[in-house]
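Please look through the model below before reading on. My notes follow as numbered points.

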There are 2 protein chains.
Amino acid sequence: MDDHADQIRKPRADAVRNRERVLEAAKLVFSAGGPEASLEAVAKRAGVGIGTLYRHFPTREDLFEAVYRREVEQLSELAEQLKNAKDPVDALRRWLRSNVEFVATKKGMSAALALTFQSSSELAAFSMDRLTKAIGSLLDRAVAAGEMRGDVSPEDLLRALVGMCYMHDQPGWQSSVLRMLDVFVDGLRVQPAGRSKTRTAKPAKSAAKRKR
Amino acid sequence: MDDHADQIRKPRADAVRNRERVLEAAKLVFSAGGPEASLEAVAKRAGVGIGTLYRHFPTREDLFEAVYRREVEQLSELAEQLKNAKDPVDALRRWLRSNVEFVATKKGMSAALALTFQSSSELAAFSMDRLTKAIGSLLDRAVAAGEMRGDVSPEDLLRALVGMCYMHDQPGWQSSVLRMLDVFVDGLRVQPAGRSKTRTAKPAKSAAKRKR
DNA sequence: TTGTTAAACGGAGGGTGCCTCCGTATCTTC
DNA sequence: GAAGATACGGAGGCACCCTCCGTTTAACAA
């Protein structure tokens with residue numbers, strides 16, 4: 001065997017650029033037109049040929065999945081940035097709000113995702129993991145700063161968030177969720193002495209003991 | 001105005017028959033091929049022309065909805081029949097199991113329904129109402145017979161059922177749900193004296209007080 | 001029965017989107 | 001700058017969508 005076997009070329013610049021363009025276009029087109037939107041429309045909007053689109057994403061699901069992964073990663077990065085904010089509680093609140101926005105702009109995408117999640121439970125695992133970590137880092141910081149109670153796990157919070165957004169077909173759901181989120185975050189704050197009336201629920205694993 | 005105004009013709013027999021055929025075919029085709037399955041395939045399987053299909057169900061969603069409504073009604077009727085079974089607990093158990101089967105055969109349909117529910121919350125309301133009543137009638141009978149505890153509402157039960165079926169993409173979900181259902185039904189039974197260790201949760205509205 | 005007529009049927013056909021294939025253009029490497 | 005690898009674009013064949021309308025059939029009246 002020759003020794004160029006593992007020699008790797010740098011990926012072509014135009015390929016990288018086009019891939020990104022298609023993802024961006026897909027995000028817009030699917031949000032507006034739902035999961036049945038035409039792939040040719042996506043290609044046109046991205047300013048690439050239909051062949052290019054298919055080379056990068058052989059199936060419609062591949063494209064859905066890539067768009068979604070990218071967004072989850074962006075949310076994850078947002079959490080990373082918010083880590084440096086001064087007020088940890090506010091940081092958490094902002095991240096949660098971004099999530100609501102995320103769901104809101106996905107009108108059409110949600111049905112597409114239902115389809116995609118079915119065929120790729122790996123994707124579901126990936127996003128859960130990523131989001132849990134994001135929320136966990138923000139939560140831990142707020143707890144460490146003594147501003148939030150430590151008996152709520154990131155999974156709890158994520159579940160509450162997802163649950164709240166789940167019924168996002170009723171009219172006015174978004175403002176409703178935002179309101180509930182505020183109430184929720186307020187509830188998460190460390191209670192001023194004498195205001196904690198209910199402490200019946202048993203706490204989740206404390207923040208301090210969770211890994212990283 | 002002439003007096004034939006409200007004179008109504010009997011609906012044509014072939015129309016009624018064809019409508020039914022299309023529904024049956026759609027159920028099979030969508031279950032197998034998912035929500036994107038070809039409507040032409042449905043028409044062919046039903047043995048009718050494509051035009052006929054479109055006359056009865058102008059849009060794909062109309063067809064989804066009609067199929068689903070029909071199934072919900074069948075589950076509802078099944079409950080009606082089971083009312084006359086000797087053993088009320090067994091009757092309830094059977095109905096729940098039928099539900100699992102219902103979900104299982106709907107592989108492809110579930111994504112379709114996600115789409116349909118978004119555009120028709122009336123449909124969601126209809127099915128919730130119907131299923132709640134079905135489960136309620138079975139539950140009431142078991143409670144009245146003194147075989148089941150009365151602190152669980154039909155809504156609770158339905159929610160538990162739906163929740164259990166929600167993750168129906170994991171491998172082996174079905175047997176898992178069936179097992180959980182059995183455990184659940186056992187838990188619903190009136191506990192033999194001395195075996196009731198936990199009674200902490202506050203009861204839902206008692207069965208006796210619910211209407212009908 | 002037979003005639004009349006409203007209602008339903010079927011499928012051709014124009015339009016759109018899907019996806020493959022391959023000649024051409026462009027980038028990387030030497 | 002040349003060579004070769006890689007990516008590009010879009011024409012084209014196919015499948016499906018949905019409409020439209022000439023033909024068929026069932027319901028009703030006589």
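How far does a polar side-chain atom of B:Arg12 lie from a base nitrogen of DNA strand C?

1. The distance is 2.4 Å, between a polar side-chain atom of B:Arg12 and a base nitrogen of DNA strand C. Polar contacts here are pairs of N or O atoms within 3.5 Å; within protein, one must be able to donate a hydrogen and the other to accept it, and residues adjacent in sequence count only if both atoms are side-chain atoms. In chain A, a side-chain N or O atom of A:Arg12 is 2.9 Å from a base oxygen of the strand. B:Thr52 reaches the backbone of the DNA: a side-chain N or O atom is 2.5 Å from a phosphate oxygen of strand C.

2. Basis of the values: this is a predicted model, in which local features need pLDDT of at least 70 and side-chain atom pairs pLDDT 80 or more, while totals for chains, interfaces and linings use all residues. Residues are numbered from 1 along each chain as written, chains are lettered from A and ligands numbered from 1 in written order, and side-chain values use heavy atoms, without hydrogens and water.

3. Around DNA strand C there are 24 residues, counted as near if a heavy atom lies within 4 Å. A:Arg60, B:Arg12, B:Asn18, B:Thr52 and B:Arg55 come nearest. Sugar and phosphate make up 58% of the strand's atoms that come within 4 Å of the protein.

4. Seven of the residues near strand C are nonpolar, eight polar and nine charged. (Nonpolar: Ala, Val, Leu, Ile, Met, Phe, Trp, Tyr, Cys, Pro; charged: Asp, Glu, Lys, Arg; polar: the others, Gly among them.) α3(B) gives the largest share of this surface, five residues. Helices are DSSP runs (H or I, at least four residues), numbered from the N terminus.

5. Helix α2 of chain B (residues 39-46) has two sides. B:Leu39, B:Val42, B:Ala43 and B:Ala46 are buried (under 20% relative accessible area, 1.4 Å probe, protein chains only; exposed is over 50%, partly exposed in between). They share one side of α2(B) because they cover an arc of only 95° around the axis, taken from the directions from the axis to the C-beta atoms. On the other side, B:Glu40, B:Lys44 and B:Arg45 are exposed.

6. The ends of α2(B) are also defined. At the N-terminal end, B:Ser38 is the cap, with a side-chain oxygen 3.0 Å from the backbone nitrogen of B:Glu40. B:Gly47 follows the helix, with a positive phi near 75°.
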